[in-house]
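This briefing is meant for someone meeting the structure for the first time. Please keep the sequence and the model in view while reading, and take the topics in the order given.

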Amino acid sequence: TLPGPLIRANVGDELAVTVANRLDHPTSVHWHGIALRNDMDGATPASANIAAGTDFTYRFSLPHPGTYWAHPHTGLDADTGLYFPVIVDDPAEPGNYDAEWIVVLDDWTDGIGKSPQQIYDDLRGGHHMPSMDTMPGMPGMPGMPAASSALLGGDAGDVTYPHYLVNGRIPAAPTVFDAKPGQRIRIRFINAGSDTAFRVALAGHAMTVTHTDGYAVVPTEVDALLLGMGERYDVIVTAGDGVFPLVALAEGKNALGRALLSTGAGTPPGADFQPPELNGRVGTVDMFTATPAAGLGPANSDVDLAIDLTGSMMQYDWGINGKPYPDNPPLTIKQGQRATLRFTNSTAMWHPVHVHGHTFQMIKPDGSLGARKDTVIVLPQQKVSAVLVADNPGDWMIHCHNTYHQDAGMMTSLNYTT
């Protein structure tokens, strides 16, 4: 199935998931956003890959509620539909909603356009020419984005995909979510794409953002949301009466995915319809602030950790701190330290950066603390800072969540030392 079957549990539960690798190569399952034990993270070298033809049982406890997901951390496997949502509920949390919709966004080429490996080989061969907006890429091929994106600071991505999916379905055959007028619906958005940011909106509705990457924020009303690869947002909507498209615009790529919310009689607009909410109040990370209970405490820190995103499209030499993984030295931290993460993007492209095994709290330009996250968009030529608490020992990956940038070397590790 696409997405894969939902795994759902309560906070504090122990989860045991047996993975049967029937691929022809080693793979893994990384539990994105969950602060689990290091040897179950699903990313080498801390957690061994699963050999072809063998089984492995991941076993770990679930310390925090939230919207998470799981995917491979091997090569380009993440661009082949091997992913599934993971929801951790808190029985003590007041529901305050009548229905729930898990919405997984994806960009799709495997088996339709060029394979991920063919795309990667072309990218490494320098076949991408950014900023030529009049020359859109062919479906499934690396190429010039159909448009640049002001929200993303320019070039929107490396790959133009044949399809953009919502819950595994194309716009012409959308998933339909049935509800009743007036019901409060919790929507859990997950961007499982490999090279695409999505701008999502529900036609005729405002959305109240309640959680970023699983953690509560001060409720904030928006018309649309921008999600980079790996990001999750939870929102509440109050359903109107009729049939409403939920549109996931492939940011800067002149295409979209969609689903439908149906609460009564009506005919949805055409599959290419873009609701005006997409151009209203677009929620980005700087607009949100963690609730006091979800915060990580004051912004003071014991150590500064520099994460410089480096490289270029033409050379496809992506790295962190000037070198590709594993040639770059790891960042180091000690148990109990508070660190300020300083992300600096010196490249001409945006990068969604993900930290394994931990969350961090954004530091806003005025010095106040913002949303709690594990994945954050860093725009071209921009800097962002965040607070991290070293409370989960091990060797943890930090990387760009663009599948192709990661495989090219935009990754490093955060290692605990004694």
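In this predicted model, Ala 250 stands opposite Ala 255 of strand E19. The two strands concerned, E18 with residues 243-250 and E19 with residues 255-262, run antiparallel and are joined by eight bridges. The points below begin with the sheet that holds these strands and then turn to aromatic rings and cavities.

**The sheet**

- Strands E18 and E19 belong to an open sheet of six strands, whose order is E11-E19-E18-E13-E16-E20 and whose pairing is mixed.
- The edges of this sheet are formed by strand E11 (176-178) and strand E20 (282-283), each of which pairs on one side only.
- As general background, the strands of a sheet pair through backbone hydrogen bonds, and they may do so in parallel or antiparallel fashion.

**Aromatic rings**

- The structure holds 13 aromatic pairs, and one of them joins Phe 56 to Tyr 58 in an edge-to-face arrangement, with 4.9 Å centre to centre and 85° between the planes.
- The partners in that pair are placed in contrasting surroundings: Phe 56 counts as partly exposed because its relative accessibility is 29%, which falls between the limits of 20% and 50%, whereas Tyr 58 counts as buried because its relative accessibility is 0%, which is under 20%.
- Tyr 161 and Tyr 164 also form an edge-to-face aromatic pair, with 6.1 Å centre to centre and 70° between the planes, and both of these tyrosines are buried.
- Phe 56 and Tyr 58 are also part of a cluster linked by ring pairs, which includes Trp 31, Phe 60 and Phe 84 as well.

**Cavities**

- The structure holds two cavities of 30 Å³ or more, and the largest cavity contains about 70 Å³ of space.
- The lining of the largest cavity includes His 71, Pro 72, His 73, Thr 74 and Gly 75, together with Ala 78, His 399, His 401, Thr 403 and Gln 406.
- Sorted by class, the residues that line the largest cavity are two nonpolar and eight polar, with no charged residues.
- The second largest cavity contains about 30 Å³ of space, and the residues lining it are Trp 69, Ala 78, Ala 192, Gly 193, Ser 194, His 401 and Thr 403.
- The lining of the second largest cavity has three nonpolar and four polar residues, and again no charged residues.
- Ala 78, His 401 and Thr 403 each appear in the linings of both cavities.

Note on methods
Residues are numbered from 1 along each chain as its sequence is written. This is a predicted model: local features need pLDDT of at least 70, side-chain atom pairs count only at pLDDT 80 or more; totals for chains, interfaces and linings use all residues. Side-chain values use heavy atoms; hydrogens and water are left out. On a 1 Å grid over the protein atoms alone, a cavity is a set of points where a 1.4 Å probe fits but cannot get out, and a pocket is an open set with protein on both sides within 12 Å along at least five of seven lines; lining residues have an atom within 4 Å of a point. Grid points are joined across faces, edges and corners, and a volume is the space filled by probe spheres set on the points. Ala, Val, Leu, Ile, Met, Phe, Trp, Tyr, Cys and Pro count as nonpolar, Asp, Glu, Lys and Arg as charged, and the others, Gly among them, as polar. Two strands pair if DSSP finds at least two bridges between them. Helices (H or I, at least four residues) and strands (E, at least two) are DSSP runs, numbered from the N terminus. Rings of Phe, Tyr and Trp (its six-membered ring) pair if their centres lie within 6.5 Å; planes under 30 degrees apart count as stacked, over 60 as edge-to-face and the rest as tilted. Buried means under 20% relative accessible area, exposed over 50%, partly exposed in between (1.4 Å probe, protein chains only).
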